[in-house]
Amino acid sequence: MPLPAKAFQFWLHRVAPSASTADLCRISGIKRTTFAQQLVRGKVAETTLVSISRALGLSPLAELGSFDQYAELAAPPQPPTPAELVSQVATMDLLRAVISRSSPAYGGYGDQGSSMTPALGPAPHATSVRNWVDAIDDGELRHRVSAATGVAPQNYSAQLTANRLSPELAVETARAAGVGFTGGLVATGLITEAEAGWTPGAKQAALDALSDGELSALAGDRLQALGKSLRRHEQEQAQTEKIWENLG
Amino acid sequence: MIATLQWTTLAVCGIVTLARVPSALRGENRSLFAIFALMTLAILLSIDAPYLAVDQALGGMNIANLVLRFVIFAAIFFLGVRVARGFSADDALKLITGPVGIVVAAAASAVVVVVFLMMDTAGSSAGLVAVSAKDDRNAALVEFYGAAGRLYPGFITVALFPAMLRTLRSGLPVLVRSSAALLALGTVAISLSLLSPVIPPSLGFMRFFFNYSAVLCLVLGLSLIWLAKTLAKRAPKKQAGIT
């Protein structure tokens, strides 16, 4: 649920009492029409608040926490679990880690976290939302989120497939899984890892802590999922071409 | 209002047909051009003034109406085959071109011809309105004749219906799915037009509404696919690759 415009106006008055709408749009990079529309409709997107907070040099997480519906975010954040951290490592970085650990004959260094291995890319990555939910799912998570929010399971799945999740659902998912609230917000790209208070080497450390077996299995799962989605895309492409060929 | 719908449909069909002339000359999908041309002809023959002109030339025995039925049959058959192939609807293709489809086509044609011969068809009249007004027997026969004429289009579109619904729920481009939605809507309209004989005269405009909206949906649905193809060829392809 987006932020109520009234509460948002109060917040704006508190953090930037003298700034005009035009100023705010200019420094935060939000389109004026978008901003005006959100205010008129009475629903301000969380991304708007995050952009303005960043532009004003404020912590997006803390500012989000100053709103009633995100009050939990104001408390000192619970750090992400190792599984959550690893879920935010991009698939290609995982595969690179596998190769890094292989013997020099295969282009690796035979050890973990060699200084030669390139740094991990920042979250979010192409499938970060689904990977995050999979990392914290005990098998019943989707049902609990669905029961708590009233969002139908297929709509929830559709969001995961599109690598999206509304901030509200991300927080609800974290609550239902009993993990910290920052994981979902990072996975959906609302805030960065640094803004979430994650230590700079946390992802790399969690990755290095995986055994060879765990890493290989995880990389295998990711590759399989990637293959499935690419194949589906290729089939759809072929189907579209066929329709065009016959009816275009 | 009915006249507006009729002439709008004719205009849309005519424009789409003309727009396809260049690609037909280039040799791309000529049968699709034929489908559009046949549909335009069918609409033309279902409007009063052109119908009367054509039928007078054919002897004033309403033979133009019989021609119209077979023009529709031909257009809908080619359309059905094309759509079934395009949407990979093997089940529909088998149904349309297989024994079942041939039997339905033959039966519908036979009934149309026999009923036509049983009617007193003298005197040109679009939609056989004047024939229907002659007496009760002719009125009943005209209803039968109309129902038989809609049977085959109904059969083809219903055969394609599951494939359209499948496409609608798939992850194909939005324009392709919209066109599947329009084709499915056309199917519903054609199926509803099968109910024409039981529509009370007070709701007579509904008959026209179903008939013309069916044709409009089919033509617009097909044009959307064409539009999608043209747009996609112009814009660089968005490929989901290994990231």
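Modeller: Before we start, two residues are in contact if their C-beta atoms, placed from the backbone, lie within 7 Å. Also, this is a predicted model.

Biologist: Fine. Leaving aside its neighbours within four places in sequence, what is B:L160 in contact with?

Modeller: B:L160 contacts B:G80, B:V83, B:A84, B:A89 and B:A92. It also contacts B:L183 and B:T187.

Biologist: And which residues have the most contacts inside the largest nonpolar core?

Modeller: B:M39 and B:L160. That core has 71 residues.

Biologist: Which helix gives the largest share of this core?

Modeller: Helix α10 of chain B, residues 204-234. It supplies 13 residues.

Biologist: How many residues does the other core have, the one lying apart?

Modeller: That one has 45 residues. Among them are A:V86, A:L94, A:V145 and A:W198.

Biologist: Back to chain B. How many helices and strands?

Modeller: Ten helices and zero strands. From the N terminus on, the elements run α-α-α-α-α-α-α-α-α-α.

Biologist: Why is chain B called as compact as a globular protein of that length?

Modeller: Because its radius of gyration is 19 Å, close to the 18 Å that the globule rule gives for 243 residues.

Biologist: What box do its C-alpha atoms fill?

Modeller: Roughly 75 × 35 × 35 Å, taken along the principal axes.

Biologist: What percentage of chain B counts as buried?

Modeller: 41% of the 243 residues.

Biologist: Take the contacts in chain B with a separation of 6 or more. What share comes from residues 24 or more positions apart?

Modeller: Those account for 68%.

Biologist: Switching to chain A. Which domains does the assignment give?

Modeller: Domain 1 is 3-74 and domain 2 is 82-208. Their C-alpha centres lie 27 Å apart.

Biologist: How many residues does each domain of chain A put into the contact?

Modeller: Nine from domain 1 and seven from domain 2.

Biologist: Which helices each supply at least two residues of the domain 1 side?

Modeller: α4 (46-55) and α5 (60-65) of chain A. The largest share, three residues, comes from α4(A).

Biologist: What classes are on that side of domain 1?

Modeller: Five nonpolar, two polar and two charged residues.

Biologist: Last topic, chain A against chain B. How many residues does each chain bring to the contact?

Modeller: Chain A brings 13 residues and chain B brings 20. On the chain A side, six are nonpolar, five polar and two charged.

Terms used: Residues are numbered from 1 along each chain as its sequence is written. Chains are lettered from A and ligands numbered from 1 in the order in which they are written. This is a predicted model: local features need pLDDT of at least 70, side-chain atom pairs count only at pLDDT 80 or more; totals for chains, interfaces and linings use all residues. Ala, Val, Leu, Ile, Met, Phe, Trp, Tyr, Cys and Pro count as nonpolar, Asp, Glu, Lys and Arg as charged, and the others, Gly among them, as polar. Helices (H or I, at least four residues) and strands (E, at least two) are DSSP runs, numbered from the N terminus. The radius of gyration is taken over C-alpha atoms; the globule rule is 2.2 Å times the number of residues to the power 0.38. A residue is buried if 20 or more other C-beta atoms lie within 10 Å of its own, exposed if 12 or fewer, and partly exposed in between; C-beta atoms are placed from the backbone. Domain bounds come from an automatic or database domain assignment. A nonpolar core is a set of buried Ala, Val, Leu, Ile, Met, Phe, Trp, Tyr and Cys residues joined through C-beta atoms within 7 Å.
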